Amino acid sequence: MKLGLLLIGFILTMTIFVAATGANGQTQGSIGQNNTSEVTPRDAYNRLLNTSVEMAYLDTMISLSQWDQDILMPENATEYRAGAQSYMADLKNKKWIDPEFGKLLSIANNGSNWSTIEAANLRIWNRNYGKRIKLPPDFAARESEMISKALAAWEKAREKDNYSIFQPHLKALVELNREKARYWGYKEHPYDALLDDFMPGMTAAKCDKLFETIKPQTIGLIVKIKNSRINGSDINGSGINDSNKTALKNIYGNAAYPEDKQEALLKNITSALGFDYGAGIMVKAKRNPSTYGIGAHDVRTSLRYDENNPEIALLDIIHECGHGIAGQRIPDEYYGMPIGTEPGMDMAEAEARIFENNLGRSRAFWQYWLPQMKKEFKPNMDNVSVDDMHRYINRLNIVPIRIDADEVSYIIHIIIRYEMERDLFEGKISVDDLPKIWNQKYREYLGLNITDDKDGILQDVHWACGSFGYFPAYALASMNAAQLEAAMRRDFTDLDQRLASGDSSIPAAWMQEHVYRYGAIYDTPELMKNATGNETEAYDFLNYLNSKYKQIYHLK
Ligand SMILES: [Zn+2]
């Protein structure tokens, strides 16, 4: 039962906004009732659209059920609910694998003069359908059985802090994904096929180019920060007792920050950022923070509260609110269409990170919001200045656990996983060697000594879920966020003044104009090019990190 939840917890981070209002009032008969021999491409398209809307309705009910399971459902209901959910998932799958779907698609593919939206829908149907039919009929069942066993083994391995329990399952999953890559096909690298599944258009060659640029510079920046006079108790092995260094004080002190007051402040902040509470709710998470795009005008965010540390809820909700605003602003007419979502995980996460990091950790943002926060929690933060807040919320935290890392070292956590996945699928390294390589890389890049598997190679659920090619999305999203922010600042040169005076609406408005309104019409590379002038690049991200940390840590 725990496994189901874990799996869902991970899937949630993918935040797929599939929605379900009728698409343009199509009223065609359902697939299978009509002979396809006299069907025109236009008819075929309309029938595909109809099926797509039906699938989106099913997705809505599946998401609602998952949300309920995650947030409210009593624990003992897990097993029965799993049956109900898998029945609904199966109903959806049957629509996909119906041979009629393929026939209609090939008829529609003979059509011409499609609008931009129609052509994009056809492109995505072809891509998704093509991937399904390239796999042998028993593949999905084999995969799902393997994942469920791997998840159980992963849990046990973590419990016992012993990688060898998980190792045979990981080996089997890697082999299965190699097989998958062969079926799907690729031009240069088997890993490309897997990357493309999460981020259409992404390749190992593109990742190599970006990561090889940012890795040395990020590591160099970490060293500079560690050596700076202002330093933090969170910095591993940084010599905090060194009298030349100023310890970073905990700006929240030991005071209490009641949950209801935190909630009130966060509602103000998220509303100002553009989250619409008429089309969304914010609730307390049972486990991890999440955003569910249930359907049209129904987005649900959740967050964690800690009454001694308001920063947890703050950063949770600003991140989730980024997902939420994007989901709420998908144009109504896209609901039920394949374009009614983000183009890939590298954009979906960028939509959240631009709010959480680029905005929510910026000085200008806190110039306005810190006084509000102080008022809410008086007298707890009376002595905290904007600079204190800015520095503390951006403090370096070099730790073995990825999700606890700061914004700078986080990138290195991702690059380590990327390099290992790439080499695995290239056949350069084997599953048996992973813990050794993992620990070596952590030592070499971050100076960390990993002493156990639990906080080392076993920390993430992704591999147990059979997800290879997903991790790079986290780093690419940070780059996309910085690049989008830079483009936004070119359009709004007074962005900081506006933020500092309390106008927090510009980021969502700019993103609406350049990103949200396109849904998945374009894949990320093209969308980035249209919005910023270039596909994903390292330049703006490095510039963003360097200038922020230079200011905070007084670096040269
Ligand atoms: Zn996210």
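Strands S4 and S5 (residues 298-303) of this predicted model pair in the antiparallel sense over five bridges. Strands and helices are DSSP runs numbered from the N terminus (E, at least two residues, for strands; H or I, at least four, for helices), and two strands pair if DSSP finds at least two bridges between them. A hairpin is formed by S4 and S5, with two residues between them; in its turn, His-297 has a positive phi of about 55°. Residues are numbered from 1 along each chain as its sequence is written. Because the model is predicted, local features need pLDDT of at least 70 and side-chain atom pairs count only at pLDDT 80 or more, whereas totals for chains, interfaces and linings use all residues.

The hairpin belongs to an open sheet of three strands in the order S3-S5-S4, with mixed pairing. Strand S3 (280-284) and strand S4 (290-295) are the edge strands, each pairing on one side only. On average, neighbouring strands of this sheet are turned by 20° against each other, direction ignored; axes are lines fitted to C-alpha atoms, for helices over the stretch in contact, and angles run from 0 to 180 degrees between N-to-C directions. Helix H11 (residues 310-328) packs on the sheet and touches S3, S4 and S5, its direction making about 170° with that of S5. S3 and S5 pair in the parallel sense over five bridges, and the bridge partner of Ile-281 in S5 is Arg-300.

Five of the six residues of S5 are buried, so this strand is largely enclosed by the rest of the structure. A residue is buried if 20 or more other C-beta atoms lie within 10 Å of its own, exposed if 12 or fewer, and partly exposed in between, with C-beta atoms placed from the backbone. Val-299, in strand S5, is buried, with 29 other C-beta atoms within 10 Å. Val-299 is the bridge partner of Gly-293. Leaving aside neighbours within four places in sequence, the contacts of Val-299 (C-beta atoms, placed from the backbone, within 7 Å) include Ala-279, Thr-291, Gly-324 and Gln-328.

Helix H15 (residues 407-426) is likewise largely enclosed by the rest of the structure, because 16 of its 20 residues are buried. At 1.5 Å a residue, H15 should span 28 Å (1.5 Å times one less than its number of residues), and its end C-alpha atoms are 29 Å apart, which agrees. Just after H15, Gly-427 takes a positive phi of about 85°.

The largest nonpolar core (buried Ala, Val, Leu, Ile, Met, Phe, Trp, Tyr and Cys residues joined through C-beta atoms within 7 Å) has 128 residues. Those with the most contacts inside this core are Trp-154, Ile-317, Ile-415 and Ala-473. Beyond its neighbours within four places in sequence, Trp-154 is in contact with Phe-166, Leu-458, Val-461 and Ala-464.

The mean pLDDT (the predictor's confidence in each residue, from 0 to 100) is 90, and 90% of residues reach 70 or more. Over residues 1-32 the pLDDT is below 50, although this stretch has 88 contacts in the model beyond near neighbours in sequence. The pLDDT is also below 50 over residues 233-241, a stretch with 17 such contacts. Where pLDDT is low, the predicted coordinates should not be read in detail.

Note on methods
Two residues are in contact if their C-beta atoms, placed from the backbone, lie within 7 Å.
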